[in-house]
Structure formats: structure tokens, C-alpha cells
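User: I am new to this structure and would be grateful for a close look at a single part of it, the surroundings of the ligand. Please set that part in the context of the rest of the chain.

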Amino acid sequence: MAEEPLLMNFSLGNDAILVQPKFKGGRWRERRGLRKATGPTGVNTDSILERHSKRQKTGNSDGPTRSIDYQRRTGLRHGVISSLFSYNPKIQSVTDRAEQESTTLPSNAPLVDGIDTFTSLGLSPIIASHLLTKLDIKAPTAIQKTTISRLLSGDTDALIQAETGSGKTLAYLLPIVQRIVQISEQKSKNGNDTNYQIHRDSGLFAIILAPTRELSKQISVVLDSLLGCARWIVSGTVIGGEKRKSEKARLRKGLNILVATPGRLVDHLEHTEVLDVSNVRWLVLDEGDRLMELGFEDDIKKILDKLEQKKGKSGAISDLPSKRTTILCSATMKTNVHKLGEISLKDAIHIQAEADAQQLLQEPTTSTDPIFSAPAQLQQSYIVAPAKQRLVTLYAILKRSFSHKGSVMKAMIFFTCADSVNFHYEVFARKVGQQNTSQLSDSTPELPTQCHSSVLSSVNNPDIMLYKLYGNLTQQMRTATLKAFSRNPNPSILLCTDVASRGLDLPSMDLVIEYDPAFSAEEHLHRIGRTARAGRDGRAIVFLLPGPEELYIPTLKHGFKDKRVNGSLSEDILRKAFAPAIASQTRETWEDNATGWQLEIERWLQSDSKIADLARKAYVSHVRAYSTHVVPERHIFNVKELHLGHLAKAFALRDQPSNMGRGGKGDEGKQDTGKHKGRNRDRSRNPAASDIDNARNSAPDPKEAARQMRKALNAMNPASEFNIA
Ligand SMILES: Nc1ncnc2c1ncn2[C@@H]1O[C@H](COP(=O)(O)OP(=O)(O)OP(=O)(O)O)[C@@H](O)[C@H]1O
């Protein structure tokens, strides 16, 4: 079954059409469609693209390039190719350019004072020793310390909030596993001492819900390794991406703990009779805010109703708690989490790591102020790069970061859309020196999307691998890619969308680059939280454009306890990365070298129509995605402020694609002659979007419009970026 139709982060009342909702989660395409549908206040990127493309045709907005000599050396002989270094906007903000080393102690590391051990918190010595010997986990983290003792001592609902990488998964899994082990042992004392009385067919006791398949799989792996000390307790997953039949077979065999995505679980609750939830006493909603953003509210309500309806008496298994405990968990707690809390929790306790709780007391926040902080040891910086210098600066950072084997082992680069991931993957995957043959990497559905990057590899670091991940890849490919990326002992770079921003625990992640800033401050926190986990070091870099985007810097600082965020200019980075060899007898400058690199990519694009199409597609998707930043941040990421001609250069295009004013999605080089043709084509490919247009334009009265709107929204699937079921 397809995933239930979902709304993002808001429910429509009868007159919902009159209000301006905030769209946060899901794919940018759906966010954009939804925002456009709600009224004329949204920015129309189609018309912006069209306006700029007309302006573009009247001449080169960049004016003349530098001297004739400079043009001769750089290949800009005809004066029609925009220079990387001229006519860039003024940079206002970067006053803080000296690199500051952090001396801050890690805030999400295991506690080292030796006072709090897992056994002192109430965990059984068997589990504690299993943690030590098999998982190399010696001491609890701060959130584990607070959560474990609280959840072991009672059956109260809980809302767990702690930094990324602070060990929240074990914080809720350990007490649940211990409680089930205790129930099992209790039974064995009453009966046969040598046999545990709980088996896989004794009943389902706990369900853990997570928003993505990747995260569900990850939780399931942690759970399985934990259950190594209680092998008679069996766990499993129902997360889609495989045949329903095999999931049913697994459920028929019996499971005691189930990890699931909400859509797929609802599907089984409705169609799989053998799934008995009468004994479920623990329900965990991991990444609660994301579950809400992806529109799982209805599914969660259905699950809660089913659990309530089917709840059996605890008589069948003695010591089974009479009450169900629900645990809600996330690093960020937005208003939607409180709504989820209202639906799912009763008299819940709010559990935070002690340090976080103290900080909150000292710095009370308003309801509009998101409560979040990044791990203290994470070194965060921003780079102000003019649009034209973005691509070459990204190359320069990667080249320097991976200049020696071991300097950086794993890096992630976040983009706002899959088209952009695809384009940049090809840029760094291309075979140097083979400019006339398309190297478009074809992927086989079951194999990881990976290739060697000869562009980034060097004598000192010869084996740099590239991977890409986004929601529209097949599930097998996504799983294989993450596995291959995690297991590759060589330096590796993952190019991805926000499908990888939540919860993923990828080993040795040293560097996170937000090449496109996140759609919301909370998402930024989750993205950078893929590094600096469990006390380890990590670096995060965000790219900003000069101008309004520099207003984002206070938001970046807000997430850090000591407001420590370093800034640098792209030209400083280019100067270092493209410095000519000392022995060089030529008159080359770093500017020439940087320009040479950019021109090589531009020529490669011109010689290969497939790559050029990919670049145009990426460009249009990027601009459209840009217009879907959350409302409170739209003055910072304002699509009207984008210089579209300069931005084209970041996609190695010499002009803004003139034939893509209104079409965009997948134009694939076709001419778009009529004013509205492209748009109509886009709409015809997305019937839901065209329904929304109809709803907005034709409905005579607000109630009817709202009804049509609900119908249209129901036809869309905001979670499809995440391919959840
Ligand atoms: N007590 C501990 N000691 C050492 N490492 C730990 C401990 N607890 C968890 N870890 C490790 O810390 C890493 C992060 O844990 P986890 O994924 O649970 O973090 P999280 O708080 O859920 O992060 P996010 O908010 O990003 O989902 C994992 O690699 C895990 O094995």
C-alpha cells in the first residue's frame, strides 16, 4: 500500500485556506506546492526565473572582465564569460576571521567521573557487562543517566530531549530491555528454572516508531546487539521496502520488540491479523518532531487507538505492567512535538540531561525561540562565498580537507534537492582529462551509488570515494549505499539531501558541509549533529551568500553555548587552495588557477549535453527549493535576492538557462516557447499540484476551496523524499 496521504505539520480546519501555515518537513517540491496553494503571499519562483532569464538575454550583467592579459591567461578572451572575481556583492559580516580553536569539553560524551555506572543506575550486571564487553560502552552519558533510572523506577510517560549524538537510543532501549528481561526471569523462577518463559511467540511488548527506514534499521541494529545478552527476546522490523509477505511471515513467527515506520505499521495493524498488540506496554516515538513534520499525526493516532482498543489484561503474563508507557524523543522540541505529546502522553515527565536543564533555567526561551543546542565540542564555521565562487570553493575545501590520508576520513555534504546531489556527484566523479565522453554514473537498483573520485584524489590520498543518497533512490540502493559508505575504510564523501539529516549514526564522520543551508534552524542542528557524536570531535561548515544570508550568523551562534562560530571568506580559502607552486616560473596567480578549474568544468559541460542537462535541472530545482525555507527565515533566504546569473556559474553554466523559466522539473533541454507551457507541463506531471491550482483558482467559496484543498493535499505525499513505506 502506498503511504497514507499526509499533511505536513498542520491540519486543515474548514477555513484553513485563509491562514498562512508554516511548512517545514517533507520534500521541497511538496512544500513549495503547498505554500503556493495557500495564497498569493508565496514567492513565485517561476516568474522570478523567467524575469531573470529575459534580463540575461539583454547582455552580460557582469560587465567586462579584467585586463586583456588576465583574459588571455585565464581563457576569458572574448569577455563574455563571467569572471569568478568581478562584480561580486560586498561582504558585510566576516569580522571574526581568525581561526579559534575550541577548548570546550565535549557535552555529549560518556560521564567520566566514575560515580555513575550502569549498575548504579539500576541496570542488571549482565546487561552492564554485555555493554562493556560486547559494545565497548563503559559509562552512561548524561541523558542515559537521567533516563535509565527514571524509566526503571516507574511506568510514567516521558519526553526525552538531549543533544544529537548523546546516546538517546540506548537511553530508552536499555530500560525497556531490562524490564522485559526482568519479566522473563520472574516467570522462570515460578516455573522451570532452566527455561525462560518469554519466547518470541509470548507476545509483542514494545514498539519503537521512527520516521525513516534508515533510522529504523539503525535502531534495530542497536537493539539486536543489545539483545545479545538475552537471546530469547526477539526483535524485528516492519519498515516497508520489502515484500509485505515477508514482513507478515516475520510477524507470524512472533516478535517481542518491533521497530517500525508509522505508515507500514498502520498497514499491518489493518491487514495483518496475526499482529497482536494486546501486550504492548512500551511505545517509543523517536524523532518526534520529524514524525509530525512528515505528517504522521494521523497514523500515530490510529496506532494509539489500536493499542488502546486491543490492550489486554496483564494476567496472561505476570509482572507485565498494567499501564502502557509512551516515550517521545528528539534533540529538538518544536511546537509540533507538544502537539504529539498531547496526543500520545499522559502526565509525562520531561527528561533532559542535567547540564541542558541547568542551561535552560538560566536562559529561558520564548515559545517562538527553538530550544536547541549543538554538542559543545563541535567546531562550527561559516564561509561567505559569492554565488559565482560557490562550486570552486566547495572543491577547494574538499581538496584541502582530504589532502592527506587520515586528515578527514568521512564527510557529508548536504544539498537541498536530489537534482543538485546528482549534478555535484558527477562533477566530482568525472574522470579528469576525459572531457568529451559522458561519465554519467548509471546505478543498478541493488548496488550502492558509489564511485572513485579522481578529481579529489591525490598522490597523498589516492582512494577517495564518493557516495550519494536521496529519497528517490530505490530502498535497496539507499541501504547498500549507507552500508558501503559506513564500512569503507578509505576516505569517503556522502552527497545527500535531508534524508540523511536525522538520527543517522555514521562512524568516523569528521566533517559536515552544508553547501545549501538547511530549510530551518532545527534541521541545521540535526544535520551538523551527524558529526561530533558521543564526545568525539567534529567540524561543520555552512556556506552563505553575501547579503541577507549573512543574517543567518546569529542563528548559527544561537545553537552554541559559548556563541563560538568561526567565519571565513571564500577568497581566503581559494587563495590557499589554488596558490601556485613556489617553484613556478609562470605568472600564474591563485585567481588564474581557480578560474582555470572553473573553466575546465564549464567546458566539460559544454562538451556533454547530458551533463549540461543535469546542471540545468539542478539549477532550477535549487532555485525552487530555495523558496521553501521556513517563514521566519525567509527574509534571510529570500529568493528575490538571489542573483540568478551569478548562481548559474555555481552550476558551471555560463548563463542562466533561458529555456527553463517556467518548466523546470525535468525539462531535459526541450525548448519552452510559450509563456506558460513549462508550468503546465510541470502541473500535468503532478496532478496533485494542478489540483491545488484548481482549488485555489476556481472554488467559489472558502469551504469548498478548503474541501478541494484537502483532497489535493491528500493526493500528495510529503514523506516521499523519505520513501518511508
Ligand atoms: N554510554 C555511551 N558511551 C559511549 N558511546 C555511546 C554511549 N551511548 C551511546 N553511544 C554511542 O553514541 C553514538 C550516538 O548515539 P545515538 O545514535 O543514540 O545518539 P542520539 O542522541 O540518538 O543522536 P541523534 O539525536 O542524532 O539521533 C552511537 O554511536 C552510540 O553507539
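Analyst: The following account begins with the chain as a whole, turns to the ligand, and then considers some other parts of the structure.

The model is a predicted one. The protein chain has 725 residues, of which 51% count as buried. Its secondary structure comprises 25 helices and 15 strands. Among contacts in the chain with a separation of 6 or more, 75% are between residues 24 or more positions apart.

The ligand is surrounded by 19 residues, and the closest are Thr164, Gly167, Lys168, Thr169 and Ala534. Helix H6, which spans residues 168-190, contributes three residues, the largest share of the shell. By class, the shell contains seven nonpolar, nine polar and three charged residues. Where does the ligand lie with respect to domain 2 and domain 3? It lies between them, because both domain 2 (142-362) and domain 3 (378-570) give residues to the shell.

Helix H9 (residues 262-271) offers a view of a buried segment. Pro262, Gly263, Arg264, Leu265, Val266 and Asp267 are buried in this helix. The cover over the buried residues of H9 includes three strands, E2 (206-209), E3 (235-238) and E4 (257-260), together with helices H10 (288-293) and H11 (297-310).

A single loop residue may be examined in a similar manner. Asp116 is located in the loop that runs between helix H3 (68-74) and helix H4 (125-135). Asp116 counts as buried because 20 other C-beta atoms lie within 10 Å, and the threshold for a buried residue is 20 or more. Leaving aside residues up to four places away in sequence, Asp116 touches Leu111, Leu121, Ala139, Pro140 and Lys145. Between the C-alpha atoms of Asp116 and Ala142 there is a separation of 9.5 Å, although these residues are 26 residues apart along the chain.

The last part concerns a pair of helices. Helix H20 (residues 590-606) packs with helix H21 (residues 609-626) at an angle of about 110 degrees, and their axes are 6 Å apart. H20 is therefore roughly perpendicular to H21, since angles of 65 to 115 degrees count as roughly perpendicular. On the H20 side, the contact is made by Trp604, Leu605 and Gln606, and on the H21 side by Ile611, Ala612 and Ala615. By class, this contact of H20 with H21 has five nonpolar residues, one polar residue and no charged residues.

How values were computed
Residues numbered from 1 in each chain as written. Predicted model: local features only at pLDDT ≥ 70, side-chain atom pairs only at ≥ 80, totals over all residues. Near = placed C-beta within 6 Å. Helix = DSSP H or I, 4+ residues; strand = E, 2+ residues; numbered from the N terminus. Nonpolar A, V, L, I, M, F, W, Y, C, P; charged D, E, K, R; others polar. Domains from an automatic or database assignment. Buried ≥ 20, exposed ≤ 12 C-beta atoms within 10 Å, placed from the backbone. Contact = placed C-beta atoms within 7 Å. Axes fitted to C-alpha atoms, helices over the stretch in contact; angles between N-to-C directions. Parallel < 35°, antiparallel > 145°, perpendicular 65-115°, else oblique.
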